[in-house]
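Subject: Structure for your review

Dear colleague,

Please find below the structure that I am handing over to you. I would be grateful if you could read the notes beneath it with the coordinates open.

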Amino acid sequence: MKYFALLLMSLGLLASCSSPATQPTYEENKKMFIDALQTEDGKKAIRTLLSDPQFKELLVLDSEQVKTSVEQTMLSKEAEDFWKEVYSDPKFSETMAKSMAKQQEELMKALMKDPTYLKDLETFFGSAEMKKELAKVLESSDMRKEMQKVVEETIKSPMLQAKWQKLVEEAGGKTEKGGGEGSSSEEEKKKEEEK
């Protein structure tokens, strides 16, 4: 019986050696794997795997590792060059600004309620150096042009047109009253001189 089993095993080995075994290529393996995953059994196997607590522990990354990786990636010279190039595109900059507008607004509102921030801001703008810089900016020709533009826009504002008109009419009415009295008193003086 032993010899019979050995003989069968030898024949099996010889048969497998005689036919050339072809291994599937990478593309064939990939296709078989994707096909297997798309079946109901494949999806069920993935769901089971993802719900396994031991597998979940393997997926959780160490926060220190993540922090280090992000710092190395974001603070590298390549990343700096990449972000400079990306932000030089006006469309990207505009999109980023729009996407962050709400958060920036909320941040500014929160900061304006923070007494420490307000005190720091007051100290910053109250410093002699900052006052000097602000004076330079306010006295510059560009700033004067901007202020002139703002004043012109304010004067032309439809909201203020009615107010301006009312002020002009009131001023005109006072002048007419004053002018009328002045002219009658001058006429009286002339008449007295003629007598």
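The notes below go from the overall chain to its helix contacts, its aromatic residues and one arginine.

Please bear in mind throughout that this is a predicted model.

Overall composition

The protein chain contains eleven helices and zero strands. Its pattern along the sequence is accordingly written α-α-α-α-α-α-α-α-α-α-α. Of its 195 residues, 3% count as buried. The chain exposes about 18500 Å², and carbon and sulfur atoms supply 62% of that area.

Helix 6 and helix 7

Two packed helices are described by the angle between their axes and the distance between the axes. For helix 6 (residues 77-87) and helix 7 (residues 90-112), the axes come within 6 Å and cross at roughly 95 degrees. This crossing makes helix 6 roughly perpendicular to helix 7, because angles of 65 to 115 degrees fall in that class. On the side of helix 6, the contact is made by W83, V86 and Y87, while helix 7 contributes F92, S93 and M96. Sorted by class, the residues of this contact are five nonpolar, one polar and no charged.

The aromatic residues

Several of the residues just named also take part in ring pairs. A search of the whole structure finds four aromatic pairs. In one of them, the ring centres of W83 and Y87 are 6.2 Å apart and the planes stand at 45 degrees, so this pair is tilted. Both W83 and Y87 belong to helix 6, where they are four residues apart, about one turn of the helix. How are the rings of Y87 and F92 arranged? Their centres lie 5.2 Å apart with the planes at 80 degrees, so the pair is edge-to-face. F82, W83, Y87 and F92 together form one aromatic cluster.

Are these residues buried, exposed or partly exposed? W83 has a relative accessibility of 31% and therefore counts as partly exposed. Y87 is likewise partly exposed, with a relative accessible area of 39%. F92, at 25%, is partly exposed as well, because buried would require a value under 20%.

Helix 8 and helix 9

A second helix contact lies further along the chain. The axes of helix 8 (residues 115-126) and helix 9 (residues 128-139) come within 5 Å, with a crossing angle of roughly 65 degrees. Helix 8 is therefore roughly perpendicular to helix 9. Here F124, F125 and G126 of helix 8 meet A128, M130, K131 and L134 of helix 9. By class, this contact of helix 8 with helix 9 has five nonpolar, one polar and one charged residues.

R144

The last item concerns R144, which is placed in helix 10 (residues 141-156). With a relative accessible area of 52%, R144 is exposed, because the class begins over 50%. Which residues does R144 touch, not counting those up to four places away in sequence? The contacts of R144 on that basis are L138 and E139.

With kind regards

Notes:
Residues numbered from 1 in each chain as written. Predicted model: local features only at pLDDT ≥ 70, side-chain atom pairs only at ≥ 80, totals over all residues. Heavy atoms only, no water. Phe/Tyr/Trp six-rings, centres within 6.5 Å; stacked < 30°, edge-to-face > 60°. Helix = DSSP H or I, 4+ residues; strand = E, 2+ residues; numbered from the N terminus. Buried < 20%, exposed > 50% of the residue type's maximum accessible area, 1.4 Å probe, protein only. Axes fitted to C-alpha atoms, helices over the stretch in contact; angles between N-to-C directions. Parallel < 35°, antiparallel > 145°, perpendicular 65-115°, else oblique. Contact = heavy atoms within 4.5 Å. Nonpolar A, V, L, I, M, F, W, Y, C, P; charged D, E, K, R; others polar. Areas by Shrake-Rupley, 256 points an atom, 1.4 Å probe, with all protein chains shown as cover.
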